[in-house]
Structures are given as structure tokens and as C-alpha cells.
Amino acid sequence: MVFKNFGELIKKVQKSDSPKRVAVVAAHDEHTLQAVFKAKKDNIVEPLLIGNKTKIKEVFSYLNENLDEDAIINVEDDTAAAKKAVELIHENKADFIMKGKIQTADLLREVVNKEKGLRTGRIMSHFVFDEIPNYHKLIVTTDGGMVMYPTLEEKKQIIENAVDTLIALGYENPKVAVLAAVEKVNPKMPESVDAALLKEMNKNGEIKNCIVEGPISYDLTMSKESAEIKGYSSPVVGDADVLVVPNITAGNILGKALVYSAGAKMAGFIVGAQVPIVLTSRGSTAEEKYLSLVLSAAAAK
């Protein structure tokens with residue numbers, strides 16, 4: 001199974017037996033609640049809203065929406081809200097977590113807490129699906145939101161996080177492009193060295209259930225014509241499922257360029273924890289938050 005667009009992903013989630021339960025941390029945020037209410041109406045999630053009850057209800061009034069009182073959990077501050085969300089996961093009362101009007105660091109502090117958090121032993125990374133107008137299917141970019149300057153081992157785990165997520169969504173043997181500025185190894189360009197080593201790990205069976213190509217430039221990854229001109233042959237060319245960026249800056253720039261200059265739609269969440277964590281930025285639209293809810297609901301166990 002490969003998803004061509006978000007519409008196909010939405011239909012898949014709506015076919016599930018019951019909507020997933022999302023714990024929304026510091027839920028008094030207009031765009032977050034717009035997304036949550038739409039996802040509820042579309043039978044994608046059942047929300048648990050954690051935070052200041054008065055502020056949450058003020059947003060309800062502004063949006064002309066309402067929710068059963070039992071779905072609102074009143075807590076004194078953002079830290080308490082984050083702790084409560086993690087508790088709900090451990091108690092099996094929620095399937096995943098969504099960030100509302102809370103600082104990312106305050107939420108992640110509770111998620112990564114060594115005693116009571118949601119760590120798995122694997123690195124946590126940012127998984128983004130992009131729907132690009134001139135590409136034939138959804139494509140993943142990783143990691144433009146969590147790991148700043150990943151080591152070789154961390155890149156290996158970032159790939160494994162992305163591949164495991166895609167397999168959970170129904171993909172078979174995803175095609176992974178490890179991006180660099182060149183297609184040949186250059187010792188002065190560490191990302192090209194890492195890319196070649198990751199490809200070798202894949203060939204040796206250390207990275208499983210996927211095809212890893214690298215180093216490979218963005219143009220050759222996305223365009224068969226460009227690859228033919230340069231004489232570059234790979235099953236990943238023109239058909240990649242995952243783009244692995246060398247660092248958070250490259251991922252951030254690529255992601256925003258796709259959205260703001262290429263007209264892409266995006267959805268993202270944190271993988272590598274016990275459950276998906278929807279961690280959209282404060283500037284994200286209600287649509288992006290809605291699509292991130294869809295993606296996380298699809299990936300949640």
C-alpha cells in the first residue's frame with residue numbers, strides 16, 4: 001500500500017473500528033481545537049482536552065462548538081497538563097498526544113522523563129508526510145524537527161523510525177533517499193560519507209525492510225530525467241518514499257520551502273516514543289494540525 005494523497009489516508013483512518021483517543025495538552029488554542037473538532041466529526045479521534053477549563057470553554061464559545069464535560073480535564077498549569085497526558089497513555093486511556101498552547105520543551109520534558117515518561121530506548125525523530133502537487137505520492141521528510149546534528153548511528157535510527165512507521169501504515173519495502181549535495185562520496189562532506197555507510201548497512205541487513213540509496217542529491221531523487229542525464233541509476237530515483245536530510249536546518253528549510261513555495265500540504269508527528277506525539281508549531285494552520293491528527297491516528301497502535 002502506498003498513499004497518493006491525504007484523502008486516501010483519511011479514508012483509511014475512517015474505516016477503522018473506533019476513533020483513536022488523543023490527549024490534547026494545554027488545549028486552549030483556537031487552531032488546535034478547530035483541528036480536533038473536525039477530526040472528531042470525521043470519526044478520526046475522540047479528544048481528551050487537558051488544561052484550564054475556563055480558557056478551553058472560551059475557545060469553544062468562539063468556535064461555536066461544544067464537547068461533553070467528561071472530555072475536559074481541568075489542571076492548574078501547562079506542566080500539570082503534560083504530566084496528565086503521559087499518565088493517560090500509561091493508563092491506556094489515550095492512544096496518542098497532541099501539543100496545544102504549551103511550549104514544546106515543557107511537553108517533551110515529561111515525555112522523555114526517565115522514570116515516568118514515554119521513552120522506548122530508540123531516538124525520537126520528526127516524521128513528516130508531504131503532499132506535493134507535482135509528485136505522485138505522499139513523501140516523508142525526516143528529521144527537520146528534533147535531532148539537530150545526527151550522528152551516523154542516530155541517522156540509522158531515524159531511518160528505522162520512518163520505515164517502521166510506514167510499514168505500520170501498510171507500506172512494503174519503502175525507498176529511502178539519504179540526501180546530500182553530491183552523488184559521490186567526498187571526505188570533506190560528512191553527509192556524503194554517512195549516506196554511503198547507511199546504504200552499506202542496508203545492503204548488509206543492518207537496516208531492514210527498505211531500500212536505502214545515498215549519497216543522492218534532491219534533483220536526482222525527485223526527477224528521473226535528471227538522473228538519466230547524469231547517468232545515475234537506482235530504484236529510488238523518481239519514486240522515493242523517504243527523504244533523509246543531513247541535519248535539522250536542512251530539514252527545516254526543505255519542509256518550509258515545500259509548503260510555502262511549492263504548495264505542499266504537510267502533516268507531522270514525533271516517532272520513537274511509545275505513542276505518536278503531534279508537535280506542530282504555533283504557526284501551523286488548522287489544516288496542518290488536522291492532517292497531523294489523521295496521520296497520528298493512522299500510526300497509533
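Here is a walk through this structure, from the whole chain down to a few single residues.

Keep in mind from the start that this is a predicted model. The protein chain has eleven helices and eleven strands, so let's see how they sit together before zooming in. Lay a box along the principal axes, and the C-alpha atoms fill roughly 60 × 40 × 35 Å. Is that what a globule of this length would give? What radius of gyration would a compact globule of 301 residues have, and what does the protein chain have? The rule puts the globule near 19 Å, and the chain comes out at 20 Å, which agrees.

The contacts add to that picture. Looking at contacts with a separation of 6 or more, 70% of them link residues 24 or more positions apart. As for cover, 54% of the 301 residues count as buried. The chain still exposes about 14,000 Å², with carbon and sulfur atoms supplying 48% of that area. And the charges? There are 38 positive and 41 negative ones, and their mean positions are 1 Å apart.

Now for the strands, beginning with β7, which runs over residues 175-179. Is this strand covered or open? It is mostly covered, and five of its five residues are buried. In a regular strand, side chains alternate between the two faces of the sheet. In β7 both faces are covered: Lys-175, Ala-177 and Leu-179 are buried on one side, while Val-176 and Val-178 are buried on the other. The partner here is β8, residues 211-216, which pairs with β7 in the parallel sense over four bridges. To find your place along this pair, look for Lys-175, which stands opposite Ile-211 in β8.

While you are at β8, stop at Pro-215, which has its place in that strand. The peptide bond joining Gly-214 and Pro-215 is cis, with omega about -5°. Most peptide bonds are trans, and that is why a cis one is worth a look. You can find another cis bond running from Thr-142 to Asp-143, where omega is near 5°. Asp-143 sits in the loop between β6 (139-142) and α6.

Next comes another pair of strands, β5 and β10, which pair in the antiparallel sense over seven bridges. Strand β10, residues 265-271, is mostly covered, with six of its seven residues buried. A handy marker is Asp-130, which stands opposite Met-266 in β10. Over in β5 (residues 125-131) you will find Val-128. Is Val-128 buried or exposed? Its relative accessible area is 6%, so Val-128 is buried. What does Val-128 touch, leaving out residues up to four places away in sequence? The list is Ile-139, Val-140, Thr-141, Met-266, Ala-267 and Gly-268. For a sense of distance, Leu-88 is 40 residues from Val-128 along the chain, and their C-alpha atoms are separated by 25 Å.

From here, step across to helix α6 (residues 152-168), where Thr-165 has its place. Thr-165 has a relative accessible area of 8%, so this residue is buried too. Setting aside neighbours within four places in sequence, Thr-165 is in contact with Phe-127, Phe-269, Val-271 and Ala-299.

Another buried spot is Phe-60, in helix α3. Its relative accessibility is 3%, which is why Phe-60 counts as buried. Which residues touch Phe-60, not counting those up to four places away in sequence? They are Leu-33, Phe-37, Leu-49, Glu-65, Asn-66, Leu-67 and Ile-72. Take Leu-33 from that list: Phe-60 and Leu-33 are 27 residues apart in sequence, and C-alpha to C-alpha they are 8.1 Å apart in space.

Just past α3 (53-63), the loop leading to β3 (72-74) holds Asn-64. With a relative accessible area of 70%, Asn-64 is exposed. Its backbone also has a quirk: phi of Asn-64 is near 60°, a positive value in a residue other than glycine. Most residues other than glycine have a negative phi. Asn-92 is another such case, with a positive phi of about 60° although it is not a glycine. Asn-92 is found in the loop between α4 (78-90) and β4 (96-99), and at 55% relative accessible area it is exposed as well.

Definitions and conventions: Residues are numbered from 1 along each chain as its sequence is written. This is a predicted model: local features need pLDDT of at least 70, side-chain atom pairs count only at pLDDT 80 or more; totals for chains, interfaces and linings use all residues. Side-chain values use heavy atoms; hydrogens and water are left out. Helices (H or I, at least four residues) and strands (E, at least two) are DSSP runs, numbered from the N terminus. The radius of gyration is taken over C-alpha atoms; the globule rule is 2.2 Å times the number of residues to the power 0.38. Buried means under 20% relative accessible area, exposed over 50%, partly exposed in between (1.4 Å probe, protein chains only). Contact means heavy atoms within 4.5 Å. Accessible areas come from the Shrake-Rupley method with a 1.4 Å probe; for residues, only the protein chains shown count as cover. Lys and Arg count as positive and Asp and Glu as negative; His and the chain ends are not counted. The place of a charge is taken as NZ of Lys, CZ of Arg, CG of Asp or CD of Glu. Two strands pair if DSSP finds at least two bridges between them.
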